[in-house]
Each structure stands twice: as structure tokens, then as C-alpha cells.
Amino acid sequence: MPLDHPDDPVLEPRSMTDAPQFTSAFLRTMQARGYIHQITHPTELDEAATKGPITAYIGFDATAASLHVGHLIQIMMLRRLQQSGHKPIVLMGGGTTKVGDPTDKDGQRPLLTHEQIQGNISTIRGTFEKFLTFGDGPTDAIMVDNDEWLSKFGYVEFLRNYGVHFTVNRMLAFDSVKARLDREQPMTFLEFNYMLMQSVDFLELERKFGCVLQMGGSDQWGNIVNGVELIRRVDQKPSFGLTTPLLSTASGQKMGKTVGGAVWLNADMRSPYDYWQFWRNTEDADVARFMKLFTDIPLDEVERYAAMQGAEINEAKKVLANAATTLLHGAEAAATAEAAARAAFEEGALSADLPTHEVPAAELEAGIVLAALAADAGLAGSRGEARRLAQGGGLRVNDKAEADANRTITSADLEGGVVKLAAGKKKIVLVKPV
């Protein structure tokens, strides 16, 4: 039977605006910390999570060598699951990455080779090991690659076994597809198959590991519901879906986007200092919310920080930065980053732990326009933005305000072997000739 049966209650998202009082530790925690946006069969899932360990998964495509802060809420959901006594599955999309998730995209993702995808998976695994305990125990996390089954299906076999359960009418109605077509952006048949592949992932994990729950962002609701329905129709077994709100800052900016680009989780792609600074620069209105979502700070402490106002909120931001950085990079890296920031911003000192931007010595000798240097170093999004920053008194060279962003920075500006550039009160980069 195709998956658009009108009597199936799972088709309507269950909003948590009028959420029930859960009994399971897992859903109580998820609700209290603000992770739940939509959920299928909430009462049934709550009962299952109360009776004993359940197994749940989230999928991650390997499109880059590192995940970024936009993925962190999903990683933390798996952490909350394990902390509540349940088993997390990290599903790496070795197969689905070959297709590319069309959700919220106007064009097809660049197609990666099998070798590139596997290389990305190998570097990403280390991030999950910071947040989850892997092993063979009943609640230990495992990592699985969906290429293990997706690449083994014959095309006709896949269509006969699974294509029969989906209608094109229904697939065209999903927001991820409809929005793309409404913008008159083409969607390849390859991408159109993505939601079928994701549904089959859930079915395979249910059969191999007894997985009953798929979690993800709210933009994945349609894909998740497809998998829930497929299991309930084909195997007649309980299955559930849970989504988080799509996260943005209080000012409406997409979470994890900065002037310097994506906030990568791998230390070799974004330093612990820069990661610490990202959280230190959190908007005032977001501090308590981000503490709930991205740290293990107890909720009663979060409420105390939420009540802080004025200058006190800056101390709360440091607590957030230390807690978030400790989870990813360790307590020592967090302490080092805080000390470097204190030395740079409060004491005016230089530190080897400050971010650096290397330039060829010959170029610095000849001279580099400040606006271009500030943009290249990530202090501004463009040369124009750097000029506006300078005009407003927010651009400094060696701790002195510089109003002329068109002036040339040369080796004569070196102090202690570097040129110290700062944007506002929170961003510093040391320009170093090499």
C-alpha cells in the first residue's frame, strides 16, 4: 500500500506547543532543554522509553572532512539519548552522500567520489567520540555506514521492494521538494530518490539493530515520516520520529554562520580558540537557550545565568564558551582559549594561542591594503565591510584605531614579528609573515 493512506495518524506532525507531561527520563530531558519540535506517536514513544533501553539514530552525510556547529544540536540529541540510558546509532551517509540531500538547496550538491566520502567519514568519527561512548554494551553507541546496503541494491530490486510503497503525488507535496520546484529550480531524478533511500535506511536499522526512533531537524520531517510509515506498513512494528526546531540566533541569523565561514568542529579546520570565541560572542538573548542545547550545565544553573543582566551576562557567555569548548576540545583547550582571550582583550597582551593569518613576507614588504587584509583574515566579510568598520572606529592596528581602511600595511607595522588586527572588541587576528 502506498504511503499516503488517509487514515494513518502519523501523517500529521504533533507540535510540542501543547506538549504532554512525559514520564521517560529521555523525553523529559529533551522537552526541558528545548529539543522537541515535532514528534510522532508521543505517548507510545514515551511508554517505550520508560520500559527499557530503546535504539535511535540520526543520519549525517559526509559532504566535508568535518561537521560544523549546524550539526551540533543533532550530536547533542544523541548524547542526551545515551545519558538517559538508551542506545544511539550514528548513521554515516556513505551511500546517500553519493546522491546529496536536496532539502533546502536550490541546486544539486557536488558529487563526491567513494574515496572522498570514506575519507570524510574517517575524519568525522573523532568528533562523535568526544560526545558519545562507543562500544559493544547495550547502551554504547555504534557507527554504521548506509553504503553497506544502499550500494548493494540492484535498481529493479530497489524499485520492486520499496518504490511500490511511495507515490509521486505525495513526494511532490513534501516541503523539501515543493519549495525547490516553486522556486523553479531543477531537481534531478537522482536527488528525488533521496527520501526513498532515507526511508530504507530506517527500515534496515530497524531490522539489523532494533532501531525504533529516527531524529533530525524539522526540515527532515517528511523524510522521517516516510521511514516511520514504511516500517509500520512493511514490518508492522513500532517506529517513531522526532524533530528539533530549525535553529537560528535571536537576531535571525542561521546558527553557525560567521564572517569567517562555517564553524567547523575539527580542530584543524577551526582552532579551539576560534571555537571558544564563537560561543563567547553569543547574543545576550541566546545564552540560556544555548546552554540548554549545547552544554551539560544543569538546568537550575542555567536559570541562574538566564537572570543575569548588564555586565554580568558577559560572565555567563564565558561559562557557555568554556562548557561548549570543553565538550569538543577538552578542559585544557577551553582554559587556554579563555586565558588567551583575557590576555588579548582585557590586558592588551599577545598570546601564541591567538588565531594567526599568514601572508608571504614579500607581499607584506610591498604592502597590503588594510581592507583587503582584514577581509582575508576573516575580520570582515568583504573589503566594503572592512571600510565601514574602520569608518565607525571598529578596526584597530596594533591596538590603535585606524579610520582609513585603504591605508597600506607593511613590514614596518610589525611589532614582535606580527601585526595585530582587531575588529570591534571580540575579534583579533595576528598577521604573520612567512
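Over the ring of which residue does the charged end of R125 sit? Select R125 and F134 together: the charged end of R125 sits over the ring of F134, 4.7 Å from its centre. The model on screen is a predicted one.

For another arrangement of this kind, select R304 and Y305. Here the charged end of R304 sits over the ring of Y305, and the distance to the ring centre is 4.7 Å.

**Aromatic pairs in α12**

Next, turn to the aromatic side chains. Searching the whole structure gives 7 aromatic pairs. To see one of them, select Y275 and W279: the ring centres are 6.1 Å apart and the planes stand at 75°, so this pair is edge-to-face. Show the backbone of helix α12, residues 272-280, as well. Y275 and W279 are 4 residues apart in this helix, which means that about one helical turn separates them.

Now add F278 to the selection. F278 and W279 also form an edge-to-face aromatic pair, with 5.0 Å from centre to centre and 75° between the planes.

Are Y275 and W279 buried or exposed? Both Y275 and W279 are buried. For W279 the relative accessibility is 0%, so W279 counts as buried. F278 has a relative accessible area of 14%; because the cut-off for buried is under 20%, F278 is buried too.

Extend the selection to F290 and F294. Together with Y275, F278 and W279, these residues form one aromatic cluster.

**From the cluster to a helix pair**

Keep F290 and F294 selected and show helix α13, residues 287-294, and helix α15, residues 312-329. The axes of α13 and α15 come within 10 Å and cross at roughly 20°. Angles under 35 degrees count as roughly parallel, and α13 and α15 are therefore roughly parallel to each other. Their crossing is left-handed.

Which residues make the contact? On the α13 side, select V287, F290, M291 and F294. On the α15 side, select I313, A316, K317, V319, L320, A324 and L327. F290 and F294 thus appear in this contact and in the aromatic cluster.

**A loop residue**

For the last stop, select D235. Where does D235 lie? D235 is in the loop between α11 (221-234) and β7 (240-244). With a relative accessible area of 19%, D235 is buried, the cut-off being under 20%. To see what surrounds D235, add L203, E206, R207 and L230: D235 touches these residues, leaving aside any up to four places away in sequence.

Key:
Residues numbered from 1 in each chain as written. Predicted model: local features only at pLDDT ≥ 70, side-chain atom pairs only at ≥ 80, totals over all residues. Heavy atoms only, no water. Phe/Tyr/Trp six-rings, centres within 6.5 Å; stacked < 30°, edge-to-face > 60°. Helix = DSSP H or I, 4+ residues; strand = E, 2+ residues; numbered from the N terminus. Buried < 20%, exposed > 50% of the residue type's maximum accessible area, 1.4 Å probe, protein only. Lys NZ or Arg CZ within 6 Å of the ring centre and 35° of its normal. Axes fitted to C-alpha atoms, helices over the stretch in contact; angles between N-to-C directions. Parallel < 35°, antiparallel > 145°, perpendicular 65-115°, else oblique. Left-handed = near helix turned anticlockwise from the far one by under 90°. Contact = heavy atoms within 4.5 Å.
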